[in-house]
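Visitor: I have a structure open and would like to walk through it. Can we start with the whole chain and then look at single residues?

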Amino acid sequence: MDLVPPPQADAARSLATLLHLMRRAREAASEEVLGFVMVNETLNLLPYRQAALWRGGALGRVMAVSGLPETDPNAPYVQWLTGLCRTVGTGESVRCLTSVDVPAEVAADWPAWLPTYLLYLTLTPPAGNANGALLLARDEPWTEYERTLAMELVDAYAHAQGQFAPQRGWRDRLGLTWQSAKARRWIVLALLTLACFPVRLTVLARGEITPQTPLLMRAPLGGVIDRITVQPNQQVEAGTPLFSLDATTLAGQSALASKASEAAQESFRQRAQLALTDDRAKLQMAEDQAKLEEKRIEAEFTSRQLARIQVKAPKAGVVVFSDSSDWLGKAVSAGERVMQLADPAKVELTAFVPVAESIPIEPGSTVRLYPNAAPTESFDAVVTRLAYRAEVTEEGILAYRLYARLSDTRSLPRIGQMGTVRVYGDWVPLSYYALRRPLTWLRQWLGW
């Protein structure tokens, strides 16, 4: 069929109308506005009696119908249009259809819902995310010139509709990629390479800077803590008083022992005077002398005990303990540890590796401390020893105690600084690193 152009005035008017519809489609603020333009204002370019807009995809539906502000998906007319569009599907961008071009079950109701001639315009957005169709129906056949105009218009409508089309998700894109045999081979090869990629097996643990060889300051005898004269982490010199016990009981015992010693001394003196004239007194002098020696020893012992209630630093260092208020008024037994005296130049890293996340660790393995108080700093260390038996930590977690020597001794962290320790193990494939914990849980659950 040859294209017969209309008169020049009609052609100019059609061209202007086409450009106007294109601009209206580009300026549409929403998909609903665009659908209204497509099913109602297209009449200015292509005369028709009925129009409908179909949105394709997995959940295809009729978006708009000419002459109606909104569509009811349960209406019989809309349901029949849905069946028609699903039957026709995609194909050429512009197709002229009649009832003979569709299946018999759809064609049976054609006269009740549509005029004889249908112009089926397939909308394919540039991204190809979702297909749709614009249906224009009337009683007269469609001319070749009108089909040409419709072909230009449908491209503009499809381009405008693309900005409102749902973006294809990564699952859909992956599914399209997986359909290619070459792409499948490359994906499998990439996954195998990634699974065999070597990574360092690591585990995170709680860590703390502790003294390397601390001097334990213990209670010299049983009693009650009366006074603590230093503060936590205080630098002290040799001979600095650290803490003292309550002297009330010992002071009384020392006074009684002193008085008893004086009484024994006076008794011995009197017995010695009598011994000059009384032979029996000479025999009792030995007993009084022994009693005098016993009382003198008791007085000297209580005096020495009284002198020991104040504990002093035997050498210079840093005092390490929690808080003085935790100890004041507390009863302690002889030999109980009260605080530590540490050398700030001799520190080490102590970490607690949870049993549930433990990895093979040997002396010489590397660890790294990330202090909580200094997020921009880190300290490297080398494992020196590892406890063979797990213990319960302060958090109630069963963990192995690990000791490490700091590599850089020029800038040492302060004693008591805490943080997170990353313990480095052997090199393993990425697949093992990712599946290590699930496999451990599976073995524990299955019991093998």
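Guide: One term is needed before we begin: a contact means heavy atoms within 4.5 Å. Note also that this is a predicted model.

Visitor: Okay. What share of the contacts with a separation of 6 or more comes from residues 24 or more positions apart?

Guide: The share is 70% of such contacts in the protein chain.

Visitor: How many helices and strands are there?

Guide: The protein chain has eleven helices and 20 strands.

Visitor: What percentage of the residues count as buried?

Guide: The figure is 36% of the 448 residues in the protein chain. Buried here means under 20% relative accessible area.

Visitor: And what about the accessible surface, how much of that belongs to carbon and sulfur atoms?

Guide: Carbon and sulfur atoms hold 55% of an accessible surface of about 26,700 Å².

Visitor: Let's go to a helix. What should H3 span, going by its residues?

Guide: Helix H3 covers residues 76-88, which is 13 residues, and at 1.5 Å a residue it should span 18 Å. Its end C-alpha atoms are 18 Å apart, so the model agrees with the expected span.

Visitor: Which residues of H3 are buried?

Guide: They are Tyr77, Val78, Trp80, Leu81, Thr82, Leu84, Cys85 and Val88. As a general point, an α-helix has 3.6 residues a turn, so residues three or four places apart point the same way.

Visitor: What follows H3?

Guide: Gly89 does, and its phi is positive, near 70 degrees.

Visitor: Which residue other than glycine has a positive phi near 65 degrees?

Guide: Asn233 has such a phi. Asn233 sits in the loop between strand S8 (223-228) and strand S9 (235-236). With a relative accessible area of 42%, Asn233 is partly exposed.

Visitor: Switching topic: how much space lies in the largest pocket?

Guide: About 750 Å³.

Visitor: How many residues line the largest pocket, and which lie nearest its centre?

Guide: The lining has 28 residues, and those nearest the centre are Glu208, Thr210, Arg337, Gln340 and Glu394. Strands S6 (198-211), S14 (337-342), S15 (347-354), S18 (391-392) and S19 (398-406) each give two or more residues to that lining.

Visitor: Which element gives the largest share of the lining of the largest pocket?

Guide: S6 does, with five residues.

Visitor: And by class, what is in the lining of the largest pocket?

Guide: There are 13 nonpolar, seven polar and eight charged residues in the lining.

Visitor: Now single residues. Where is Tyr433?

Guide: Tyr433 is in helix H11, residues 430-446. Tyr433 counts as partly exposed because its relative accessibility is 36%, and partly exposed lies between the 20% and 50% cut-offs.

Visitor: What does Tyr433 touch, leaving out residues up to four places away in sequence?

Guide: Tyr433 touches Val199, Arg200, Leu201, Thr202 and Val428. Tyr433 and Val199 are 234 residues apart in sequence, but their C-alpha atoms are 7.6 Å apart in space.

Visitor: Trp441, then: buried or exposed?

Guide: Trp441 is exposed, with a relative accessible area of 53%. Trp441 is found in helix H11. From Trp441 to Ala356 the C-alpha distance is 9.7 Å, with their positions 85 residues apart in sequence.

Visitor: What about Arg138, buried or exposed?

Guide: Arg138 is buried, at 7% relative accessible area. Arg138 lies in strand S5, residues 132-138. Beyond its neighbours within four places in sequence, the contacts of Arg138 are Pro47, Tyr48, Arg49, Pro115, Thr116, Tyr117, Thr143 and Glu146. Gln50 is 88 residues from Arg138 in sequence and 6.7 Å from it in space, C-alpha to C-alpha.

Visitor: And Thr122, why does that count as buried?

Guide: Thr122 is buried because its relative accessible area is 6%. Thr122 belongs to strand S4, residues 117-123. Apart from neighbours within four places in sequence, Thr122 is in contact with residues including Gly91, Glu92, Ser93 and Val154.

Visitor: Last one. Where does Ser30 lie?

Guide: Ser30 lies in the loop between helix H1 (8-26) and helix H2 (31-40). Ser30 counts as partly exposed, at 22% relative accessibility. Ser30 and Gln161 are 131 residues apart in sequence and 9.3 Å apart in space, C-alpha to C-alpha.

Key: Residues numbered from 1 in each chain as written. Predicted model: local features only at pLDDT ≥ 70, side-chain atom pairs only at ≥ 80, totals over all residues. Heavy atoms only, no water. Helix = DSSP H or I, 4+ residues; strand = E, 2+ residues; numbered from the N terminus. Expected span 1.5 Å × (residues − 1). Buried < 20%, exposed > 50% of the residue type's maximum accessible area, 1.4 Å probe, protein only. 1 Å grid on protein atoms, 1.4 Å probe; cavity = no way out; pocket = protein on both sides within 12 Å on 5 of 7 lines; lining within 4 Å. Points joined across faces, edges and corners; volume = space filled by probe spheres on them. Nonpolar A, V, L, I, M, F, W, Y, C, P; charged D, E, K, R; others polar. Areas by Shrake-Rupley, 256 points an atom, 1.4 Å probe, with all protein chains shown as cover.
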